[in-house]
Amino acid sequence: MGDRNHCAHERVSCAEDRVTVVFHRVDSHVTNGSDDESGDDERTAARIHLQSNCSHVSCDYGDDAEEARGGEEKTLCPPAFCVRGRLATRDGNAGEDSEKPKTCPGLGLFYALLSTVFFSSISLLVKTIQGVHAIEISAIRCFFQMLFILPLLIYHKTGFLGPRDKRIYLVLRGFIGSNAMILLFYAVQQMPLADATVIMFSNPVFTSLLAWIFLKERCTIWDCVFTVFTISGVLLIAQPPFLFGEHRRGIEGNYANHIKGTIAAFAGAIAAACTFVVLRKMGKSVHYYLSVWYYAVIGFIECVITLSILGEWKIPYCGRDRWMLMLIAVLGIAGQTFLTKALQIEKAVPVALMRTIDVVLAFIFQFIFFNHAPTMWSLGGALCVVLSTSGVAVQKWYSNSRKS
């Protein structure tokens with residue numbers, strides 16, 4: 001029996017991503033003094049291959065050891081202590097970061113501005129078209145929106161019904177959202193463009209109150225203050241007789257239509273706020289296109305049934321009005337698309353503040369295209385509503401920043 005008295009270690013570095021360590025184990029059997037001359041030393045070479053990820057190590061102890069171990073792999077370098085693995089991971093992360101597209105600063109705000117211009121243009125076109133009911137305009141917009149959303153649903157493989165536990169919310173979103181659109185179009189037809197836009201723009205204030213009631217979100221004293229400011233702005237625009245008497249300025253047409261338009265715009269703002277609450281309740285588990293699909297389908301069915309009952313379905317006699325109806329549908333799709341892209345890139349507060357330009361554009365369009373100058377009461381009401389909605393956005397941003 002011999003003692004293991006000789007041991008040589010040789011390290012060989014191979015390519016960058018593979019390191020091979022070779023161990024030569026020398027076993028000498030000393031039986032007599034002439035063994036060094038007559039006997040050959042039995043040597044077994046052990047090779048350890050270190051891969052770059054250091055997760056697996058293959059050991060080879062000669063032919064006999066190979067048969068005994070059956071090609072078994074051992075772990076020599078734990079991942080927690082592997083330096084090469086960390087470097088490779090860092091290099092991979094750096095590569096991934098370099099591959100990520102860099103968004104242009106202000107791109108989200110630019111998308112929000114485009115959506116605001118498109119939505120303002122829709123209100124202008126609705127005001128321009130004569131002899132077509134607001135419900136019919138809504139039906140045509142929903143029809144073209146269905147044609148646009150259908151291939152997107154097929155492409156994204158979202159289905160047409162959505163998750164079973166979210167369908168009730170999708171139906172509510174479609175029904176309430178389509179009613180908000182109808183009420184807005186009706187208000188634009190019955191009262192000055194800027195006044196209808198301002199009242200409809202007050203929906204963020206009511207969203208905070210409805211979220212407090214139904215979603216148990218926190219309601220602060222500022223929410224109550226903003227609500228009072230919003231209602232004050234609506235009263236300045238409506239100019240009710242019990243506050244302003246019989247001498248009213250800036251009324252388009254007779255006062256009865258002005259009051260009907262005010263009620264429709266106010267109800268539309270509340271309906272839009274309810275839609276936002278339903279969307280919050282659904283969360284991000286439902287695809288955006290599926291939500292728009294329900295909005296278009298339910299809105300179209302509702303508009304067709306209502307028009308059939310009222311007997312108001314008619315094709316515009318002027319070819320220009322027909323093209324304008326199609327343009328309303330296209331601008332509605334473009335406005336929703338750019339608003340969604342803006343919210344994906346930019347935070348909600350800057351986008352909400354950018355939407356206040358909608359009120360400014362409404363006053364500009366009203367003065368340029370309809371030669372209707374705003375009164376001091378309308379400007380005061382618009383100021384109250386814009387300050388309230390902007391205050392809600394800033395207050396939400398401040399509370400969220402404190403939580404984070």
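Where does Ser202 lie? Ser202 sits in the loop between H7 and helix H8 (203-214), and the views below start from the whole protein before returning to that loop. This is a predicted model, in which local features need pLDDT of at least 70, side-chain atom pairs count only at pLDDT 80 or more, and totals for chains, interfaces and linings use all residues. Residues are numbered from 1 along each chain as its sequence is written, and side-chain values use heavy atoms, with hydrogens and water left out.

**View 1. The whole protein has 16 helices and 5 strands.** Helices (H or I, at least four residues) and strands (E, at least two) are DSSP runs, numbered from the N terminus. Of the 404 residues, 40% count as buried; buried means under 20% relative accessible area, exposed over 50%, and partly exposed in between (1.4 Å probe, protein chains only). Take the contacts (heavy atoms within 4.5 Å) with a separation of 6 or more: residues 24 or more positions apart account for 76% of them.

**View 2. Ser202 is a buried loop residue.** Its relative accessible area is 0%. Leaving aside residues up to four places away in sequence, Ser202 touches Thr230, Ala269, Val385 and Thr389.

**View 3. Helix H7 meets helix H15.** H7 covers residues 193-200 and H15 covers residues 357-370. Their axes come within 8 Å and cross at roughly 165°; axes are lines fitted to C-alpha atoms, for helices over the stretch in contact, and angles run from 0 to 180 degrees between N-to-C directions. H7 and H15 are therefore roughly antiparallel to each other, given that angles under 35 degrees count as roughly parallel, over 145 as roughly antiparallel, 65 to 115 as roughly perpendicular and the rest as oblique. The crossing of H7 and H15 is right-handed: the near helix is turned clockwise from the far one by less than a right angle, where anticlockwise would be left-handed. On the H7 side, look for Leu193, Ala194, Asp195, Thr197 and Val198; their partners in H15 are Asp358, Val359, Ala362, Phe363, Phe365, Gln366 and Phe370. These residues divide into 8 nonpolar, 2 polar and 2 charged. Here Ala, Val, Leu, Ile, Met, Phe, Trp, Tyr, Cys and Pro count as nonpolar, Asp, Glu, Lys and Arg as charged, and the others, Gly among them, as polar.

**View 4. Helix H5 crosses helix H6 at roughly 135°.** The axes of H5 (residues 134-156) and H6 (residues 167-190) come within 8 Å. That angle makes H5 oblique to H6, and their crossing is right-handed. H5 contributes Ala134, Ile135, Ile137, Ser138, Arg141 and Cys142 to the contact, while H6 brings Met181, Ile182, Phe185, Tyr186 and Gln189. By class, the contact has 8 nonpolar, 2 polar and 1 charged residues.

**View 5. Ile328 is a buried residue of helix H13.** H13 spans residues 319-345, and the relative accessible area of Ile328 is 1%. Ile328 touches Ile122, Leu125, Val126, Ile129 and Ile137, not counting residues up to four places away in sequence. Ile328 and Ser138 are 190 residues apart in sequence, yet 9.3 Å apart in space, C-alpha to C-alpha.

**View 6. Cys224 and Cys219 are too far apart for a bond.** Why is there no bond here? The sulfur of Cys224 is 4.5 Å from the closest cysteine sulfur, in Cys219, whereas a disulfide is a pair of cysteine sulfur atoms within 2.5 Å. By this rule the count comes to 0 disulfides. Cys224 is partly exposed, at 38% relative accessible area, while Cys384, at 15%, counts as buried.
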